[in-house]
Amino acid sequence: MDFHTAAEKAKAFTKTPPDGVFLEFYGLYKQATVGDCNIAKPGALDLKGKAKWEAWNSRKGLTQDDAKKAYVATYEKYAPQYA
């Protein structure tokens, strides 16, 4: 399975994954499509934005190809639970 297929299938999960799983997907997706985090860290009051920023920034240094492979592996890990 390729990255784009996994991303489309993850968007179509029938069950909503918990926040921790969502953030794992989010961080890998942003790293795979954009590269290293390139935005300022949101303020302390923006809890959702801050969590998303931290999930993305935690992948810093991972190549886009490696992030795509990790995203597919993460999809395959969680698909049985949420697809």
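**Exercise 1. Place His-4 in the fold, and decide whether it is buried or exposed.**

Step 1: His-4 sits in helix α1, which covers residues 3-11; helices here are DSSP runs of H or I with at least four residues, strands are runs of E with at least two, and both are numbered from the N terminus. The model is predicted, so that local features need pLDDT of at least 70 and side-chain atom pairs count only at pLDDT 80 or more, while totals for chains, interfaces and linings use all residues. Residues are numbered from 1 along each chain as its sequence is written, and side-chain values use heavy atoms, with hydrogens and water left out.

Step 2: The relative accessible area of His-4 is 53%, which means that the residue is exposed; the classes are buried for under 20%, exposed for over 50% and partly exposed in between, with a 1.4 Å probe and protein chains only.

Step 3: Although 68 residues separate His-4 from Val-72 along the chain, their C-alpha atoms are 8.9 Å apart.

**Exercise 2. Describe the surroundings of Lys-9, and state which residues it touches.**

Step 1: Lys-9 also belongs to helix α1, and with a relative accessible area of 41% it is partly exposed.

Step 2: Once residues up to four places away in sequence are set aside, Lys-9 touches Met-1 and Tyr-75, where a contact means heavy atoms within 4.5 Å.

Step 3: From C-alpha to C-alpha, Lys-9 and Ala-79 are 8.6 Å apart in space, and they are 70 residues apart in sequence.

**Exercise 3. Follow the link between Thr-74 and Glu-24 from both sides.**

Step 1: Thr-74 lies in helix α4, made of residues 64-82, whereas Glu-24 lies in helix α2.

Step 2: Thr-74 is buried, at a relative accessible area of 7%, while Glu-24 is partly exposed, at 22% relative accessibility.

Step 3: Leaving aside neighbours within four places in sequence, Thr-74 is in contact with Glu-24, Phe-25 and Leu-28. Seen from the other side, and with the residues up to four places away again not counted, Glu-24 touches Arg-59, Thr-74, Lys-77 and Tyr-78.

Step 4: For a further distance, take Glu-24 and Lys-68, which are 44 residues apart along the chain and whose C-alpha atoms are separated by 12 Å.

**Exercise 4. Work out what surrounds the side chain of Gln-31, and which polar partners it has.**

Step 1: Gln-31 is part of helix α2, residues 19-33, and it counts as buried because its relative accessibility is 1%.

Step 2: Its side chain makes a polar contact of 2.8 Å with the side chain of Asp-36; such a contact is a pair of N or O atoms within 3.5 Å, where within protein one must be able to donate a hydrogen and the other to accept it, and where residues adjacent in sequence count only if both atoms are side-chain atoms. A polar atom of the Gln-31 side chain also lies 2.8 Å from the backbone oxygen of Leu-62.

Step 3: Apart from residues up to four places away in sequence, Gln-31 touches a list of residues that includes Asp-36, Cys-37, Trp-56, Arg-59 and Leu-62.

**Exercise 5. Continue from Gln-31 to Cys-37, and locate this residue.**

Step 1: Cys-37 is found in the loop between α2 and α3, the latter being residues 47-57, and at 16% relative accessibility it counts as buried.

Step 2: With residues up to four places away in sequence not counted, Cys-37 touches Gln-31, Trp-53, Trp-56 and Asn-57.

Step 3: The C-alpha atoms of Cys-37 and Gly-49 are separated by 13 Å, with the two positions 12 residues apart in the numbering.

**Exercise 6. Set these residues within the whole chain: how many helices and strands does it have?**

Step 1: The chain has 4 helices and 0 strands, following the pattern α-α-α-α along the sequence.

Step 2: A compact globule of 83 residues would have a radius of gyration near 12 Å, and the chain agrees with this at 13 Å; the radius is taken over C-alpha atoms, and the globule rule is 2.2 Å times the number of residues to the power 0.38.

Step 3: Buried residues make up 33% of the 83 residues, and among contacts with a separation of 6 or more, 75% are between residues 24 or more positions apart.
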